[in-house]
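Work through the exercises below with the sequence and the model in view. Try each task before reading its solution.

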Amino acid sequence: MMGDKQRGIRVTQAELLCKDACGYYGNPAWQGFCSKCWRAQNRTAETKKHDSGQSPDVDRGSSLTFSKFEEKKSIEKGRRVNTMRRLFWGGQSPTKPQESSECQAAALKDFQSLDPGDFTTFLKLLRKPTSQSLQSRCTAFLNTVEAYHDLPVQKQSDLVQDFYQSIAEYFHGLSETQVSQMMEHIEKLIMTRLHKWVFCHDSCDDEQKDLALQRRIRSFNWITPQMLRVPFPDHKAEITRDPFLPAITAIIEMDAKRAPQDKLSCVSKCSQNIFQALSSSNSEPANADDFLSGLIYVVLKANPPRLHSNMQYVIRFGLPHSLMAGESGYYFTNLSCAVAFIEKLDGSALNLSPEEFEGYMQDRRASSVFLGASERRRVSRETQDQLEELRGRQERVTQGVDALREQLQQWVQSVEEQVDAATTQASLAHKEITAQSEMKQSELVLAQPEAGKEDGEGLPVPVLELADPESNKDSSTTDTDC
């Protein structure tokens with residue numbers, strides 16, 4: 001079906017990496033930089049802007065007054081941010097004793113035995129007395145950020161990232177892998193509680209961009225896998241469902257998660273399901289171009305809720321190492337590329353002429369466009385066949401339920417019969433045992449006289465016989481006669 005056409009949407013590995021050639025993955029949201037280089041660029045720009053002072057093209061009068069107001073407002077915000085930073089990683093209070101090295105060593109030993117991803121056990125260890133310092137710092141940070149939730153979202157992002165760096169020093173005695181695992185637990189602990197304060201913040205336009213992206217994705221509901229050059233099973237093959245359905249489900253679940261790492265896990269699960277669908281749909285191994293095309297198709301079909309806000313939330317408050325490297329960083333970078341591709345999608349990307357593309361966008365279907373009348377009839381026929389198959393499955397399920405109900409009734413009747421038979425046999429056995437018991441008792445009674453004879457040492461027992469009265473008369477007459 002693919003013919004000699006190019007497979008997938010081609011993106012080289014160099015296009016995914018940071019523009020500063022630091023070796024980490026870049027992101028279109030950071031203008032091609034990684035998170036580390038992007039923050040360094042922003043801080044450099046802010047420093048230059050602060051050193052240069054007021055721009056020369058500012059008008060006098062009201063413009064100068066407004067500029068002073070903005071400067072005063074910026075200074076006030078910076079003062080609040082610096083106050084918050086001193087609360088967590090500034091100088092220690094002289095009245096509060098430093099945490100003993102023994103307690104910290106005991107806490108690190110407990111954290112070393114923690115299994116990866118076991119967040120529940122991490123919370124239990126955090127409540128132990130040896131981890132009281134770490135728990136106090138996390139609680140203080142959470143309470144203060146909630147109190148200053150009206151700060152711009154970028155300021156909140158900087159505070160969270162600085163807090164991550166400060167807390168990472170607490171685990172300096174662990175290995176790099178263990179530190180990454182501990183920081184994932186810290187991120188989940190912090191951001192699960194801060195989600196309602198920082199997600200889709202009022203200081204940014206994430207909500208408007210979500211609606212615009214959803215409308216644009218909805219306008220592309222006519223795009224097929226063949227237009228994106230996605231390896232898809234031939235229509236002659238038997239297809240029970242869309243092979244990309246698990247990936248679509250996974251990307252939709254991202255909005256229900258709160259922690260950035262959980263949202264990244266949904267992106268990773270979606271990407272893995274895409275690779276699995278590509279491997280089952282194509283005889284050749286799936287490559288990076290096929291994967292990006294499949295990811296674009298999944299995003300178009302899923303139209304995930306608040307996709308822009310979720311991606312910005314991960315970018316602002318996620319751990320840097322999760323986005324800059326590793327499997328999750330690669331998948332998230334491809335998702336960013338897919339969204340950027342959709343935002344700039346035109347007819348040339350789909351091998352369509354401008355007239356054909358506009359015809360689709362304006363919901364005009366001509367016979368000369370990619371999907372002709374025969375193609376629509378084929379799709380309709382396949383849909384009808386699938387509906388017939390579903391009806392047949394429903395009938396078989398109904399028949400199976402009826403047969404199961406009948407078997408259940410027969411089983412209940414059989415059990416009742418067995419219980420009655422067992423009760424009858426038990427009654428007969430009881431009667432037989434009772435009869436045998438009575439017979440044994442009568443034999444014992446009859447055996448007692450025999451035992452008395454043996455006790456009399458063989459002497460005859462006198463037997464008294466009652467004489468007949470008439471015989472007594474005869475004997476008395478005979479005695480008289482004599």
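A residue is called buried if its relative accessible area is under 20%, exposed if over 50%, and partly exposed in between, with a 1.4 Å probe and protein chains only. The model is predicted, so local features need pLDDT of at least 70 and side-chain atom pairs count only at pLDDT 80 or more, while totals for chains, interfaces and linings use all residues. Residues are numbered from 1 along each chain as its sequence is written, and side-chain values use heavy atoms, leaving out hydrogens and water.

**Exercise 1. The chain as a whole**

Task: State how many helices and strands the chain has, and what share of its residues is buried.

Solution.
- Step 1. Helices (H or I, at least four residues) and strands (E, at least two) are DSSP runs, numbered from the N terminus.
- Step 2. By this definition the chain has 18 helices and 0 strands.
- Step 3. Of the 482 residues in the chain, 34% are buried.
- Step 4. A contact means heavy atoms within 4.5 Å. Among contacts with a separation of 6 or more, 73% join residues 24 or more positions apart.

**Exercise 2. Q161**

Task: Decide whether Q161 is buried or exposed, and locate it in the chain.

Solution.
- Step 1. Q161 belongs to helix 7, residues 153-168.
- Step 2. The relative accessible area of Q161 is 5%, so Q161 is buried.
- Step 3. Q161 and G318 are 157 residues apart along the chain, yet their C-alpha atoms are separated by 8.3 Å.

**Exercise 3. Two helices and their buried residues**

Task: Find which residues of helix 9 and helix 13 are buried.

Solution.
- Step 1. Helix 9 covers residues 206-219, 14 in number, and reaches 20 Å from its first C-alpha to its last. This is close to the expected 20 Å, where the expected span is 1.5 Å times one less than the number of residues.
- Step 2. The buried residues in helix 9 are D206, D210, L213 and I217.
- Step 3. Seen down the axis of helix 9, these residues fall within an arc of 70°, so they line one face of the helix. The arc is taken over the directions from the helix axis to the C-beta atoms.
- Step 4. The general background is that an α-helix has 3.6 residues a turn, so residues three or four places apart point the same way.
- Step 5. Helix 12 (288-302), helix 13 and helix 15 (326-343) are among what covers the buried residues of helix 9.
- Step 6. In helix 13 (residues 307-317), 11 of its 11 residues are buried, including H308, N310 and R316.

**Exercise 4. Cysteines**

Task: Count the disulfides and describe C204 and C200.

Solution.
- Step 1. A disulfide is counted when two cysteine sulfur atoms lie within 2.5 Å.
- Step 2. The count is 0 disulfides. For C204, the nearest cysteine sulfur is that of C200, 6.1 Å away.
- Step 3. C204 has a relative accessible area of 18% and is therefore buried.
- Step 4. At 21% relative accessibility, C200 is partly exposed.
- Step 5. C200 lies in the loop between helix 8 (176-198) and helix 9. Its phi is near 50°, a positive value in a residue other than glycine.

**Exercise 5. Aromatic rings**

Task: Classify the pair F119 and F122 and the pair F244 and Y297.

Solution.
- Step 1. Rings of Phe, Tyr and Trp (its six-membered ring) pair if their centres lie within 6.5 Å; planes under 30 degrees apart are stacked, over 60 edge-to-face, and the rest tilted.
- Step 2. This rule gives 16 aromatic pairs.
- Step 3. F119 and F122 are 6.1 Å apart, centre to centre, with 25° between the planes, and form a stacked pair. Both lie in helix 5 (residues 119-126), 3 residues apart.
- Step 4. F122 is buried, with a relative accessible area of 0%.
- Step 5. F244 and Y297 are 5.4 Å apart, centre to centre, with 70° between the planes, and form an edge-to-face pair.
- Step 6. F244 lies in the loop between helix 9 and helix 10 (245-252) and Y297 in helix 12, so the pair ties together parts 53 residues apart in sequence.
- Step 7. Both F244 and Y297 are buried.
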